[in-house]
Amino acid sequence: MNYKISVIVATYNSGDFLNEFLDSIKSQSLGFEDIEVIFVDDASTDDYTLDLLNNFNESYPNVSVIFLDENSGFPGTGRNRGLDLAGGEYVIFADHDDSYVENAFEVMYDKINENDMLISNFNQVFDDKVVKFKSLYKDTPTVCVKNINEDRNLLRIPAAIWTRLFRKDFLVENNIRFLEGMLCEDVYVATLGCLKAEGIIYLNDFYSYNYKIRDSEGNRSTIHIRNRKYIEAMLDGYYEIAKMLEKENKTGYGKEIFRQHLTSWLYTIVLSKLDPNDKKELFEKSYDIFKMYYTQDLYFKKRYNNLVDNILSKDFDKAVVEANKLEKTQENMNDRSFLSRLKRKLGR
């Protein structure tokens with residue numbers, strides 16, 4: 001059967017998140033029968049997750065499940081496998097622990113027209129509130145360009161892969177695939193997609209996706225896991241993006257692409273609780289990418305300037321000291337933010 005949209009979901013020990021996610025697909029106003037769902041499981045060890053996936057596979061003709069033999073540790077492998085199998089005219093890549101609003105696919109499918117890629121906006125779902133993400137386009141409802149040269153700021157909006165609908169043939173023809181064995185695989189595809197696309201539309205005023213912010217002990221999204229493996233995997237992804245920019249002769253776009261990511265990477269290290277040797281080694285490894293593409297992210301209000309200066313001057317011992325200072329400052333700021341949210345919640 002020819003589907004309008006293929007939804008590709010990489011899973012691992014996902015549990016009940018899968019029920020909520022699939023319910024959001026089944027309730028789509030586009031029509032569930034016009035949507036293909038491909039789950040690719042990264043060798044889950046949780047029997048409940050495996051039972052749920054097998055049940056989905058048996059219950060719905062438009063839902064298929066692929067079980068990988070070995071755990072890859074990162075979502076890129078599963079997403080690539082799903083893309084290879086997708087039969088839809090368009091494809092989108094979702095996270096297993098989130099959900100789509102009821103008219104997400106109807107609106108996106110109707111609006112993409114002749115464009116290679118459509119981007120929508122998303123809701124940030126916290127434990128106590130839902131916050132609509134506000135992009136740098138502010139109140140501009142829609143941005144539509146023939147190519148990225150018409151508006152390079154599109155490279156600065158979040159690389160939220162789950163809000164991006166791609167024409168499948170566009171990805172295949174341009175060999176656009178996710179990085180494997182590392183993180184920032186979504187940034188890679190979002191960036192290369194923007195650079196290659198003939199026609200991009202950004203629905204800044206349409207919120208298609210509910211993105212759960214999970215950052216508590218025992219319940220963290222991959223992006224909030226702050227161990228060396230994941231922090232280094234992000235850095236590896238950045239270097240692959242840098243190689244891609246060089247290959248595509250697009251290094252001039254690097255500062256727009258990395259403006260947010262490099263300081264956010266430092267923020268992750270600051271809150272990581274890594275030992276000083278790990279921090280020093282990561283700072284040493286990051287030198288080249290900071291030298292090539294670092295530009296100040298105004299969101300952080302110059303708080304990371306000294307740390308960046310230490311890295312760029314190759315004074316990595318001082319960089320570790322500065323990171324430890326920032327850790328205490330950032331924890332105090334986060335504590336105040338948490339208390340203010342708690343007070344608002346209790347005051348309702």
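The dialogue below works through several features of a predicted model.

Student: How does one read the length of a helix, and which span should helix H9 have?

Tutor: Because each residue is taken to add 1.5 Å, the 18 residues of helix H9, residues 276–293, should span 26 Å, and the end C-alpha atoms of H9 are 25 Å apart, which agrees.

Student: Where in H9 is the kink centred?

Tutor: The kink in H9 is centred on Ser-286 and amounts to about 45 degrees. Ser-286 is also among the buried residues of H9, together with Asp-278, Lys-279, Leu-282, Phe-283, Tyr-287, Ile-289, Phe-290 and Tyr-293.

Student: Which residue caps the N-terminal end of H9?

Tutor: That residue is Asp-275, which places a side-chain oxygen 3.0 Å from the backbone nitrogen of Asn-277.

Student: Turning to cysteines, how many disulfides does a search of the whole structure find?

Tutor: In general, a disulfide is a covalent bond between the sulfur atoms of two cysteines. Here the search of the whole structure finds 0 disulfides.

Student: Why is there no bond for the sulfur of Cys-144?

Tutor: The closest cysteine sulfur to that of Cys-144 belongs to Cys-194 and is 13 Å away, so it is too far for a bond, given that a disulfide needs the sulfur atoms within 2.5 Å. Seen from the other side, the closest cysteine sulfur to that of Cys-194 is in Cys-144, again at 13 Å and too far for a bond. As for their surroundings, Cys-144 is partly exposed, with a relative accessible area of 49%, whereas Cys-194 counts as buried because its relative accessibility is 2%, and the cut-off for buried is under 20%.

Student: What does the side chain of Thr-191 reach?

Tutor: Thr-191, which is found in helix H6, residues 185–196, has a side chain that reaches the backbone oxygen of Val-187 at 2.7 Å. Thr-191 counts as buried at 5% relative accessibility, and, if residues up to four places away in sequence are not counted, Thr-191 touches Leu-155, Met-244 and Ile-257.

Student: Is Glu-185 buried or exposed?

Tutor: Glu-185, also found in helix H6, counts as buried, with a relative accessibility of 4%. Leaving aside neighbours within four places in sequence, Glu-185 is in contact with Pro-75, Gly-76, Arg-79, Phe-178 and Leu-179.

Student: How should I read aromatic pairs, and how many does the structure hold?

Tutor: A pair of aromatic rings is described by the distance of the centres and the angle of the planes. This structure holds 23 aromatic pairs. One of them is formed by Tyr-100 and Tyr-209, an edge-to-face pair with 4.7 Å from centre to centre and 70 degrees between the planes. This pair links distant parts of the chain, since Tyr-100 lies in strand E5, residues 99–100, and Tyr-209 lies in strand E10, residues 200–212, with the two positions 109 residues apart. Tyr-100 is buried at a relative accessible area of 3%, and Tyr-209 is buried at 0%.

Student: Which residues form one aromatic cluster?

Tutor: The cluster includes Tyr-100 and Tyr-209, and its other members are Phe-21, Phe-39, Phe-56, Phe-105, Phe-122, Phe-133, Trp-162 and Tyr-211.

Student: What does Tyr-109 touch?

Tutor: Tyr-109 lies in helix H4, residues 104–112, and, not counting residues up to four places away in sequence, Tyr-109 touches Lys-4, Ile-5, Leu-30, Glu-89, Tyr-90 and Leu-165. By contrast, Tyr-109 and Leu-266 are 37 Å apart in space, C-alpha to C-alpha, and 157 residues apart in sequence.

Terms used:
Residues numbered from 1 in each chain as written. Predicted model: local features only at pLDDT ≥ 70, side-chain atom pairs only at ≥ 80, totals over all residues. Heavy atoms only, no water. Helix = DSSP H or I, 4+ residues; strand = E, 2+ residues; numbered from the N terminus. Expected span 1.5 Å × (residues − 1). Bend = angle between axes of the 7 residues up to and from the residue. Buried < 20%, exposed > 50% of the residue type's maximum accessible area, 1.4 Å probe, protein only. Polar contact = N/O pair within 3.5 Å; in protein donor to acceptor, adjacent residues only side chain to side chain. Contact = heavy atoms within 4.5 Å. Phe/Tyr/Trp six-rings, centres within 6.5 Å; stacked < 30°, edge-to-face > 60°.
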